[in-house]
Amino acid sequence: MGIQVQTRPDPKKPGQMQLALALGGGGAALATRGIIINVSIGIDLTTADALRSLGQPIPNPITCPALVDTGASILAIDQSIAQPLNLKKRGIITNHTANGPRQCNLFAVALSFPATNLKSYDVIQASEVDLSTQPFKCLIGRDVLSHWHVHYNGQFGTVSIAD
Amino acid sequence: MTFEEDIEYYKSIAKDLEKQHKGKFVLIKDKANIGIFSSFDDAHKEALKRFGNTDVLIAQIGTDSPLNYLAPVV
């Protein structure tokens with residue numbers, strides 16, 4: 001069952017649009033899978049400018065499914081995203097996982113939401129995590145959620161997002 | 001010098017930095033304090049300007065790590 005994405009007028013903010021997701025399968029599917037949307041991850045704009053000025057190639061952004069995760073403080077990306085983008089380390093963060101705390105690398109990336117009108121981020125921190133066994137390759141954390149209004153209708157299996 | 005050595009270096013100076021720069025961002029490269037910045041973005045820009053696209057440590061001084069529970073990660 002595919003995800004149907006629609007934009008529609010935000011009833012509470014005249015002139016603004018909100019993203020509406022019909023995840024397919026009703027409330028049970030939403031409860032099972034959570035909120036998964038497509039994102040595009042690329043190197044951040046500052047780094048892209050620096051590479052461009054040096055005549056160096058800029059890796060193409062990667063589009064992948066992302067889980068909205070209120071447990072994550074910041075954006076997290078799988079190693080399969082970080083490596084082809086040749087991201088350079090910018091720090092560390094401690095992630096608490098089922099296997100205990102883990103020290104993970106931090107990167108700077110650009111984040112956007114294809115086929116939506118949600119705000120893009122030119123430079124945002126991202127933690128490297130292992131999502132190799134998951135159907136999504138990115139976690140959208142509270143740093144992005146702090147800019148969003150999310151309505152989760154568990155009974156009908158629909159989600160709307162506005163920023 | 002390695003990124004891991006820069007992390008150890010930061011840990012050794014973190015308490016001293018906290019006295020004057022709590023909440024700000026320090027840029028560390030090759031076990032040297034390159035500068036203190038108001039934002040991550042500013043430190044990131046300076047790192048690119050000085051060192052090009054390479055690993056550096058940017059740490060926010062004296063702040064607790066945010067709670068970060070990654071349930072799907074095993």
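Which residues does L75(A) touch, not counting residues up to four places away in sequence? In this predicted model, the partners of L75(A) are L111(A), I124(A), Q125(A), A126(A), L139(A), I140(A), G141(A), D143(A) and V144(A).

## The nonpolar cores

L75(A) is a good place to start, as it is one of the residues with the most contacts inside the largest nonpolar core. That core holds 40 residues, and A66(A), A76(A), I77(A), V109(A), C138(A) and L139(A) join L75(A) among its best-connected members. The element that gives the most to this core is strand β7 of chain A, residues 100-112, with seven residues.

Another core lies apart from the one just described, and it has 15 residues. Among them are V26(B), I28(B), F40(B) and I61(B). As general background, nonpolar side chains in soluble globular proteins tend to be buried together.

## Where the two chains meet

Let's turn to the contact between the chains. Chain A brings 29 residues to the contact and chain B brings 24. On the side of chain A that touches chain B, α2 (45-53), β6 (91-97) and β8 (121-129) each supply at least two residues. Of the elements of chain A, β6(A) gives the most to this side, with seven residues.

What is the make-up of the side of chain A that touches chain B, in nonpolar, polar and charged residues? Its residues divide into 13 nonpolar, twelve polar and four charged.

## A closer look at chain B

Chain B has two helices and three strands, and from the N terminus on they follow the order α-β-β-α-β. Of its 74 residues, 30% count as buried. If you take the contacts in chain B between residues at least 6 apart in sequence, 48% join residues at least 24 apart.

Helix α1 of chain B, residues 3-21, deserves a look of its own. A straight helix of 19 residues would span 27 Å at 1.5 Å a residue, yet α1(B) spans only 22 Å between its end C-alpha atoms. Along the way, α1(B) bends by about 50° at A14(B). Just after this helix, G23(B) takes a positive phi of about 90°.

## A hairpin in chain A

Back in chain A, strands β10 (residues 149-153) and β11 (residues 158-162) pair in the antiparallel sense over five bridges. Within this pairing, V150(A) of the one strand stands opposite I161(A) in β11(A).

Together β10(A) and β11(A) form a hairpin, with four residues between them. In the turn, G157(A) has a positive phi of about 70°.

Conventions
Residues numbered from 1 in each chain as written. Chains lettered and ligands numbered in written order. Predicted model: local features only at pLDDT ≥ 70, side-chain atom pairs only at ≥ 80, totals over all residues. Core = buried A, V, L, I, M, F, W, Y, C linked by C-beta atoms within 7 Å. Buried ≥ 20, exposed ≤ 12 C-beta atoms within 10 Å, placed from the backbone. Contact = placed C-beta atoms within 7 Å. Nonpolar A, V, L, I, M, F, W, Y, C, P; charged D, E, K, R; others polar. Expected span 1.5 Å × (residues − 1). Bend = angle between axes of the 7 residues up to and from the residue. Pairing = 2+ DSSP bridges.
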